[in-house]
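Reader: Please take me through the salt bridges of this model in one careful, connected account, with the cut-offs behind each term. I would also like to see the setting in which the charged side chains are found.

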Amino acid sequence: MTGRRRASRSGVLALWLLLVPLVGCGGQPAAGSAKAKVQSLLDRRSAAVLHHDETAYMRTGARTAYENLSAVPFASWSYRLTALHRTGATATADAELSYKVKGYDTSPVTVGRTLTLRLTVDGQWYVGSDKPAKKSGQQLWDQGKVSVVKGAHSLVMGVGQDADSLDDYRALADHAVPAVSDAWGTDWTRHVVVLVPGSLDGMAGLLGSPAASYRGIAAVTTGEAGGSGSAPADRIIVNPDAYALLGSMGKQVVLTHETTHVATRAHTTAATPLWLSEGYADWIGYRGTGRTPVQAAPELYRAVEDGDLPTALPADKDFGFSSEPTKLAQAYEGGWMACRMIEERWGVDQLGKFYRAVGAHKKRAGAVEDAMKSVLGVTLEDFTAQWREYLKAQLG
């Protein structure tokens, strides 16, 4: 009897040990099944966006988002579900949204999204909301219905803007692209995407930063400084509040400046100092406008007149949005004057070669010095001395 009881207990234990992994594995397909169903839902939602199928889109979730983005010409749109947090008949999904704008993006833009989901009475998942993930910036359609104006060299997308306003941006961008190509060359996409939100707060939302960081800044280009040159898409993002205060020439200079950042993106790396990237963009922006150094560099002009001549080229920290406004203006003006001097003394082609030579370095240390020596035939010390004399001659 004792032996039989022991054998019986051993058999129960063995059976229990066999069942444990089966029960554990049984839980996995249930969770995996929910994720598979949600991924299928997101795939159907993506197809509806690409095929402009509002009815199919409504079968997958709320209609509002579709109305906001329906005018945008997408070449691709897809979600990749990365996590699913379920509580009964509701869930929160973490996903990566990848999309391309047709004719403008060479690689997908990828952003983090957080979606809320619920089960319908027939057991199907339904999207309740689709919002930026934590620490991710908004997309333009998160702010309202997007209107689109297509130009010869540009695509302008806006929220809360009338057709005439967007067409004005289109004309400025279409003028900027060939102007940049004339100076820089044609080894870039030669088209730009301009985003015009309804306000400064809208601009900040797209950039995922506080509005105070961009107050007074008319426009920025995403990924313009210190990048790897491998970003899939640049966007020129306008601050309509500040932009409206500019005159017609100022508006054109700003759009041409930002377009230059798009064109030079692949050659603007961590080795490129801001005095060069911003100065070069200003140089192309002012090119052909007839603006004199005194007109275009008023803060440096006042400093030179007061005997406060800069001793060195502007440092990166001088370009920070938190810099004192006068110092910030002088940094931009100093970079522009340096590029203007190179163009006058060495030529347009050498200025472009110098920019590319600096960006070709893997790190900042020695990049400017090496490029000055190989392209311009001068040392940094000699160049700085020439620049200071140039400032005195042009602004004194």
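**Charged pairs and their setting**

Author: Asp182 forms a salt bridge with Arg287, and their closest N and O atoms are 3.0 Å apart, where the term asks for a side-chain nitrogen of Lys or Arg within 4 Å of a carboxyl oxygen of Asp or Glu. Since Asp182 belongs to helix 4 (residues 163-184) and Arg287 to the loop between helix 8 (274-286) and helix 9 (293-296), the pair ties together parts that are 105 residues apart in sequence. The model is a predicted one, in which local features need pLDDT of at least 70 and side-chain atom pairs count only at pLDDT 80 or more, while totals for chains, interfaces and linings use all residues. Residues are numbered from 1 along each chain as its sequence is written, and side-chain values use heavy atoms, with hydrogens and water left out. Helices (H or I, at least four residues) and strands (E, at least two) are DSSP runs, numbered from the N terminus.

Asp182 is exposed, with a relative accessible area of 57%, whereas Arg287 is partly exposed at 34%; buried means under 20%, exposed over 50% and partly exposed in between, for a 1.4 Å probe and protein chains only. Another pair joins Arg356 to Asp187, with 3.2 Å between the closest N and O atoms. Here Arg356 sits in helix 12 (residues 348-359) and Asp187 in the loop between helix 4 and strand 7 (192-196), so this salt bridge ties together parts that are 169 residues apart in sequence. Both ends are partly exposed, Arg356 with a relative accessibility of 23% and Asp187 with 42%.

A salt bridge also links the side chains of Asp130 and Arg113, at 2.8 Å from N to O. Asp130 lies in strand 4 and Arg113 in strand 3, so the pair ties together parts that are 17 residues apart in sequence. Asp130 is buried, with a relative accessible area of 16%, and Arg113 is buried as well, with 3%.

The two strands that carry this pair, strand 3 (residues 109-119) and strand 4 (residues 125-132), run antiparallel and are joined by seven bridges; strands count as paired if DSSP finds at least two bridges between them. Within this pairing, Thr116 has Ser129 of strand 4 as its bridge partner. Five residues separate the strands of the hairpin, and Gly123 there takes a positive phi near 80°.

In the whole structure, the search finds 16 salt bridges. Beyond the pairs described, Glu54, Arg63 and Glu67 are linked in a network of salt bridges.

Some acidic residues are found in a different setting: Glu369, Asp370, Glu381 and Asp382 form a negative surface patch. Such patches are made of residues with over 30% relative accessible area and no salt bridge, like charges being joined within 9 Å and nonpolar side chains (Val, Leu, Ile, Met, Phe, Trp, Tyr) within 5 Å. Lys and Arg count as positive and Asp and Glu as negative, His and the chain ends being left uncounted; each charge is placed at NZ of Lys, CZ of Arg, CG of Asp or CD of Glu. Helix 13 (367-376) and helix 14 (380-395) each supply at least two residues of the patch. Glu369 has its place in helix 13 and is partly exposed, with a relative accessible area of 36%.

How values were computed
Areas by Shrake-Rupley, 256 points an atom, 1.4 Å probe, with all protein chains shown as cover.
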